Amino acid sequence: MRSTKALAALVLIGLFAVTACDREGEPDSPPVDAGAEQPAPALGQDMDPETMELMTEAQQLDQALAPIQQQAMQDQELASQLEELQEQVETAMRDEDPELVDQMEQLQAEFMAAQEAGDQERVQEIGMAAQGIQAEFQALQQRVLDRPDIREPVDAFEEAQRERMIEIDPEAGEIMDRIDEILAQLELQ
């Protein structure tokens with residue numbers, strides 16, 4: 001259905017998403033990676049128009065899929081499958097690098113406390129700290145997702161989610177295929 005990078009975020013809904021606390025009350029909303037809502041430096045300035053156009057199209061298509069994905073995740077069987085997968089990935093990540101996982105969880109707790117206290121300066125500080133370890137955390141996440149014992153249940157979940165989304169809206173399959181095409185094109189550039 002999607003690239004492993006897109007699924008990585010889905011698998012870890014709310015688990016390590018430092019900035020996802022803005023989305024409380026939306027349990028099935030698309031996940032956000034730690035620091036992902038921070039604006040990228042000079043976004044678009046060094047990008048050619050074709051790449052920008054592809055990225056914009058992918059974002060629009062992803063937004064169109066979001067309500068279908070949310071509806072699909074209301075399916076108890078699919079939700080249970082995701083929960084099991086989250087636990088499996090979390091355990092594997094913790095086994096591989098417990099210190100990094102603990103560090104990210106600590107940052108998440110500090111972020112939520114600062115946000116609840118209304119301390120925007122501290123929220124930004126913690127966001128920057130999270131960005132500092134984000135690449136390392138994403139590399140750990142990717143290593144775990146590439147393991148055969150994790151890859152197989154991820155593939156099964158992706159397929160089940162795709163099928164459920166197509167049941168909800170038959171056009172979802174075409175939208176997901178187009179997103180995959182765009183991601184492939186962007187990887188080649």
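These legends walk you through close-up views of a predicted model.

**View 1. Gln106 sits in helix H4, which covers residues 98–117.** Here we meet a residue that is partly exposed, with a relative accessible area of 43%. The side chain of Gln106 makes a polar contact with the side chain of Glu110, at 2.9 Å. Look also for Ala130, which is 24 residues away from Gln106 along the chain. The C-alpha atoms of these two residues, Gln106 and Ala130, are 10.0 Å apart.

**View 2. Helix H4 has a buried face.** From its first C-alpha to its last, the 20 residues of H4 reach 28 Å, close to the 28 Å expected at 1.5 Å a residue. The buried residues are Leu100, Val101, Met104, Leu107, Gln108, Phe111 and Ala114. Seen down the axis of H4, these buried residues fall within an arc of 155°, so they line one face of the helix. An α-helix has 3.6 residues a turn, so residues three or four places apart point the same way. Turn to the other side of H4 and you will find Glu99, Glu116 and Ala117 exposed.

**View 3. The buried residues of H4 pack against two helices, H3 (76–96) and H5 (120–146).** Just after H4 comes Gly118, and its phi is positive, near 75°.

**View 4. Helix H3 also has buried residues along one face.** H3 has 21 residues and spans 30 Å between its first and last C-alpha atoms, close to the 30 Å expected at 1.5 Å a residue. Leu78, Leu82, Leu85, Gln86, Val89, Ala92 and Met93 are buried in H3. Down the axis of H3, the buried residues fall within an arc of 140°, so they line one face of the helix. The face turned away from this buried side carries the exposed residues Gln76, Glu77, Glu84 and Asp95. At the N-terminal end of H3, Asp75 acts as a cap: one of its side-chain oxygens lies 3.0 Å from the backbone nitrogen of Glu77.

**View 5. The largest nonpolar core has 36 residues.** Those with the most contacts inside this core are Leu65, Val89, Met93, Val144, Ile150 and Met165. The elements giving two or more residues to the core are H2 (49–72), H3, H4, H5, H6 (148–168) and H7 (171–188), all helices. Which of them gives the most to this core? H5 does, with 8 residues. In soluble globular proteins, nonpolar side chains tend to be buried together.

Key: Residues are numbered from 1 along each chain as its sequence is written. This is a predicted model: local features need pLDDT of at least 70, side-chain atom pairs count only at pLDDT 80 or more; totals for chains, interfaces and linings use all residues. Side-chain values use heavy atoms; hydrogens and water are left out. Helices (H or I, at least four residues) and strands (E, at least two) are DSSP runs, numbered from the N terminus. Buried means under 20% relative accessible area, exposed over 50%, partly exposed in between (1.4 Å probe, protein chains only). A polar contact is a pair of N or O atoms within 3.5 Å; within protein, one must be able to donate a hydrogen and the other to accept it, and residues adjacent in sequence count only if both atoms are side-chain atoms. The expected span of a helix is 1.5 Å times one less than its number of residues. The arc is that of the directions from the helix axis to the C-beta atoms. Contact means heavy atoms within 4.5 Å. A nonpolar core is a set of buried Ala, Val, Leu, Ile, Met, Phe, Trp, Tyr and Cys residues joined through side-chain atoms within 4.5 Å.
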